[in-house]
Every structure is written in structure tokens, then in C-alpha cells.
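Thanks for coming, everyone. I'll put the structure on the screen and we'll walk through it together.

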Amino acid sequence: MEPIIMAGKPVAEEIRRNLREKFAGKELTLATFLVGDNPAAHVYKRSLLKTAASLGIHTRDVELPEGASQEEAERALRALSEDPRVDGILPLVPFPWHISRMQLIRQLDPEKDMDCIHPINGGKLYLGITPWGPCTPRSCMALLDYYKIPLEGQHVVMVGYGEVVGRPLTLMLMGRYATVTVCRSRTKNLPAITRQADIIISAVGKPDLITEDMIREGAVVVDVGINSVDGKLVGDVSEAAKKVKASAYTPVPGGVGVVSNLMVMETLTRRL
Ligand code: NAP
């Protein structure tokens, strides 16, 4: 049987429709906060500002040069946090090496934190008392739910335990009564573990990390990885392997990434 392609577009369209209704007649402002020259952060910022504008959300674009000091960065982030006209703030990582992320993030008002990076929000996620987890793991959950993939009692092998995706996603999956095995860089015999999965989720950043022999026939594959190979965007899982072995899979591009931006906007609804 042909596998189900878990495309991000219909999921994003549904979220967009809901958000249009919720934001109608409301005045909300989203601020992006960027320090330095990281090209990926700049690309992400532009696409966020575009998505916000398309939903009638006002935007504020705060950018500091690569050489900005810790104190300057903290002052600028504090000013945004204290500005009553700003409803949500998205700090774009990575920051330049000389900036202490932990110290800087303390200046972020937890109520305006759009991607669950403030320790207070991380703590609430750990305790299972907030729906506002980070945007990319929430996109994965939205895709799984939209395509009606059951989670309760299912064995999910989460490959990658990064702060942005793997770690928070593990908590969200556990919150839905999935049985989660977490694999990371020092995991022994990764193929033997992924072969046991009902659902494989990869968030590592290594092309072709998951190959055909590592996927059980009929498993669901969620590919969060974004890698550039010869100028082409690919995930962590070989597309050929997904097509041959999976019963349903997210494509790259066109899968998880398509939904992530809208999740930032959805987080703004907590301010309504
Ligand atoms: P990260 O913080 O660098 O975490 C990477 C994780 O992969 C770590 O836990 C690391 O293990 C693990 N790892 C490294 N090599 C491995 C291997 N050979 N086998 C198994 N695990 C391995 O990365 P991230 O920020 O979570 O991002 C992960 C990927 O998702 C990247 O490709 C990123 O571009 C992508 N991403 C996509 C979206 C989207 O919207 N689609 C959004 C955010 C990120 P250790 O913990 O042992 O070091």
C-alpha cells in the first residue's frame, strides 16, 4: 500500500483558518529579537515576520550587531519585555558565542516567551502544566494528530535529545501516554532500537542517519531534521527509505517545517 504523506500544508492551512478567527479585530504585536549575523537566524526571522504580517499581526524587528555586548543585549531584551505594546517575543538563536544565553533569557518576560525558552516555562512543561511548549515539537504533535496517528501505548523512538526539539518532544509524547525510547549520539546499536519503533522521530541534523534497514515495515516516520546537501534540503531519514518502509511519513521539505512558524503565531493566542 502507498504510504500516507504527512504533508505540512493542510495542517498549516487549518491552523491559519483558526488563527484568523481568533485574531479578528485584535491588535497584537510580535517582536523578533536577533543578535548577530547567523544566516539561519536571519532566514527564520524573515519568514516569521512574513507569516505574522499575513495574519494581521503587528511586528517589531529588533536586531543588534554581532559585536553587541551582553549588557546591551540584556538591556534591549528587557526593554521589549517591559513594553506593554509588545505581546510576544521570539529570541532567535543561536546568539554570538560571547553572549551567555541563560543570562540573557532571564530578561525575557515568561508570559511573552513564544518558544518556551525561559526556565520558568521549561519547568512548567516538565510538570505538564502548560500547553505552550516549544513550537517545533508542537508542530510534530499537530502533524501526528492531524493524520490521526495514535500515540497512547505506542512505542516512539525519539532520535535526538536537543533542547529545542528532542527533549521537549519527549515530554509531550510522554504526556500522551506514548512509550518513549530516547536515543542520542552515544546510543549503542541505534538500528536495533529504531527497528522496534511504531513511530520513529528523528531530530538530529544528519542526512541519511536513518536508512531503510532501520525502519520496521509499516512504522510512522516523522523527520524533523533539516540538512543542506548539494544545495538541496533533506531530512535525517532517507526519502527512499520512508517511501519503501513507512506507512506514513513527513516529507522534507514540506513537512514539520511548514507548521512551525504558525505555532509561534498560535502561542500569541495565550495573550488574548
Ligand atoms: P541539537 O540541539 O544539536 O541536538 C541534536 C541531537 O542529536 C543531540 O541530542 C545529539 O546527541 C543527537 N545526535 C547527534 N548525532 C547523533 C547520532 N549519530 N545518532 C543519534 N543521535 C545523534 O539539534 P536541534 O536543535 O534539536 O535540531 C535537530 C534537527 O532539527 C536539526 O537538523 C535542525 O535543523 C532541525 N530543526 C528543524 C526544525 C523544523 O521546523 N523542521 C526546527 C528546529 C530544528 P547528544 O545529546 O548525545 O549530543
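In what order do the six strands of the open sheet run? The order is 1-11-8-7-5-6, and the pairing is parallel. Keep in mind that this is a predicted model.

Let's take the edges before the middle. The edge strands are strand 1, residues 4-5, and strand 6. Each of them pairs on one side only. Strand 1 is joined to strand 11, residues 248-249, by two bridges, and the two run parallel. If you want a landmark there, find I4 and look across to A248 in strand 11.

Now strand 5. Is strand 5, residues 155-159, enclosed or open? Five of its five residues are buried, so strand 5 is largely enclosed by the rest of the structure. For that call, buried means under 20% relative accessible area. Look at the two faces separately. H155, V157 and V159 sit on one side, and all three are buried. V156 and M158 sit on the other side, and they are buried too. Both faces of the strand are covered.

Which strands does strand 5 pair with? On one hand there is strand 6, residues 179-183, joined by five bridges and running parallel. M158 stands opposite V182 in that strand. The chain gets from strand 5 to strand 6 through helix 7, residues 166-175. That is a β-α-β crossover, and it is right-handed. On the other hand there is strand 7, residues 199-202. Strands 5 and 7 pair in the parallel sense over four bridges. Two partnerships to mark: V157 bridges to I200, and V159 bridges to S202.

Stay on strand 7. Its side chains split two ways. I199 and I201 point one way, I200 and S202 the other, and all are buried. Take I199 as an example. Its relative accessibility is 1%, so I199 counts as buried. For a sense of distance, the C-alpha atoms of I199 and A41 are 30 Å apart, with the two positions 158 residues apart along the chain.

Next along the sheet is strand 8. Strands 7 and 8 pair in the parallel sense over four bridges. I200 has V221 as its bridge partner in strand 8. So what links the two strands in sequence? A loop, and G205 is in that loop between strand 7 and strand 8, residues 220-223. G205 has 37% relative accessibility, so it counts as partly exposed. Its C-alpha atom is 7.4 Å from that of G235, which is 30 residues away along the chain.

One more protein contact, then the ligand. K242 is in helix 9, residues 239-245. Is K242 buried or exposed? Its relative accessibility is 0%, so K242 counts as buried. What does its side chain contact? The side chain of D223, through a polar contact of 3.0 Å.

Now the ligand. How many residues surround it? There are 20, and the closest are Y161, R184, S185, I226 and S260. By class, the shell divides into ten nonpolar, eight polar and two charged residues. Which helix gives the most to that shell? Helix 10, residues 256-267, with three residues.

Here are three polar distances for your notes. The side chain of S185 puts an N or O atom 2.6 Å from an oxygen atom of the ligand. I226 uses its backbone instead: a polar backbone atom lies 3.0 Å from a ligand oxygen. G162 also comes in through the backbone, with an N or O atom 3.4 Å from an oxygen atom of the ligand. How much of the ligand does the protein cover? On its own the ligand has 950 Å² of accessible area, and the protein covers 71% of that.

To recap. The sheet is open, six-stranded and parallel. Strand 5 is largely enclosed, with strand 6 and strand 7 as partners. The ligand is surrounded by 20 residues. That's the tour.

Note on methods. Residues numbered from 1 in each chain as written. Predicted model: local features only at pLDDT ≥ 70, side-chain atom pairs only at ≥ 80, totals over all residues. Heavy atoms only, no water. Buried < 20%, exposed > 50% of the residue type's maximum accessible area, 1.4 Å probe, protein only. Pairing = 2+ DSSP bridges. Right-handed = clockwise from strand over helix to strand, strands pointing away. Near = heavy atom within 4 Å. Polar contact = N/O pair within 3.5 Å; in protein donor to acceptor, adjacent residues only side chain to side chain. Areas by Shrake-Rupley, 256 points an atom, 1.4 Å probe, with all protein chains shown as cover. Nonpolar A, V, L, I, M, F, W, Y, C, P; charged D, E, K, R; others polar.
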